[in-house]
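The following exercises concern the sheet, a crossover and the nonpolar core of one protein chain. Please work through each task with the structure at hand before reading its solution.

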Amino acid sequence: MNCINKYLNYIFNKGKQDICMKQKPKIKAIILDMDNTLLDFFGYKMKATKAALKAMQKAGLKIDSKKGYGILFSMYYKYGFESRQIFQKFLEEVTGKVDYRLMAAAMIEYRKARDLALTPYPGIKSTLKKLRKKGIKVIIVSDALNLKAWLRLYTAGLENEFDVVITSDMAGGFKSSGKPFKMAVKKLKLKPSEILMVGDSQSRDIIPARKFGFNTCIAMYGRKHKPEMDVPSLSKFSDILKFV
Ligand SMILES: [Mg+2]
């Protein structure tokens, strides 16, 4: 565990004081994951998917709501949460063909619900402004595609809050490959010890960021379960201000 992790553990899990506590680590940049760290991705996905299913039922699809919702979510896990063919595959699975009237109904209502539900977690915008006012660079590193990331940021009203946005297609690989983090270090021109990575995923955010020597912190508010590893956690995003 590096210095800031010990410091954060001291702040958030009192009693783990050690020598590092005497010096507050100097953080000059924060790298943020986007989905389930800044934006309530699962929350919007659930609301938008329910709206899409309801629209298909209204347009004539005969299926039990609970069953339909379960099939749709299992398809996200099978084909990816970013897949563009979920409704097509869903209709093929439950009716044996694609009825474009049903698919159009699903797409329209999905988009409407998404645009209403895609909001930042509480305190995100004001905290980002405070961080940048302190001179801290704030960047996003996301596994999403560049256009999708910007569409989400604009929908959530966060389009002006970041110095840099790095996505998997820009970097030529996902976070697990380390490529987006390499790009981030190059753009920031800082030492890894001056950078703090905040994300909701242990495997996609915390572990690869630690390989680069970044300080790390897990966004507990974006998770359902406690992390298996020893990592400082934020119960709300604004807690980040306690150590910068
Ligand atoms: Mg995430």
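**Exercises on a predicted model**

**Exercise 1.** Determine how many bridges join strand 5 to strand 6, and in which direction the two strands run.

*Solution.* Two bridges join this pair, and strands 5 and 6 run parallel. One bridge can be located by its residues: A219 has L234 in strand 6 as its partner. The model examined here is a predicted one.

**Exercise 2.** Place the strands in the order of the open sheet and identify its edges.

*Solution.* Step 1: the open sheet has six strands in the order 3-2-1-4-5-6, with parallel pairing. Step 2: strand 3 (164-167) and strand 6 (233-234) each pair on one side only, and these are the edge strands. Step 3: at the strand 3 edge, four bridges link strand 2 (residues 137-142) to strand 3 in parallel. Within this pairing, I139 has V164 of strand 3 as its bridge partner.

**Exercise 3.** Explain why strand 5 is described as largely enclosed.

*Solution.* Step 1: count the buried residues; in strand 5 they are five of five, so the rest of the structure largely encloses this strand. Step 2: examine each face. N215, C217 and A219 are buried on one side, while T216 and I218 are buried on the other, and both faces are thus covered.

**Exercise 4.** Trace the chain from strand 4 to strand 5 and state the handedness of the crossover.

*Solution.* Step 1: strands 4 and 5 are parallel and joined by four bridges, with L196 opposite N215 of strand 5. Step 2: between these strands the chain passes through helix 10, giving a right-handed β-α-β crossover. Step 3: consider how helix 10 (residues 202-211) is placed. Its buried residues are D205, I206, P208 and A209, and these pack against helix 9 (179-188), strand 4 (195-199) and strand 5 (215-219). Step 4: just after the helix, G213 adopts a positive phi of about 85 degrees.

**Exercise 5.** Identify which residues have the most contacts inside the largest nonpolar core, and which helix gives the most to it.

*Solution.* Step 1: the largest nonpolar core comprises 53 residues, and I30, I31, A52, M56, A106, L196 and V198 have the most contacts inside it. Step 2: helix 2 (residues 41-58) gives the most to this core, namely six residues. Step 3: at least three core residues come from each of domain 1 (24-40 + 120-243) and domain 2 (43-117). Step 4: take I30 as an example. Neighbours within four places in sequence being left aside, I30 contacts L131, I136, V138, L196 and V198.

Notes. Residues numbered from 1 in each chain as written. Predicted model: local features only at pLDDT ≥ 70, side-chain atom pairs only at ≥ 80, totals over all residues. Buried ≥ 20, exposed ≤ 12 C-beta atoms within 10 Å, placed from the backbone. Contact = placed C-beta atoms within 7 Å. Core = buried A, V, L, I, M, F, W, Y, C linked by C-beta atoms within 7 Å. Domains from an automatic or database assignment. Pairing = 2+ DSSP bridges. Right-handed = clockwise from strand over helix to strand, strands pointing away.
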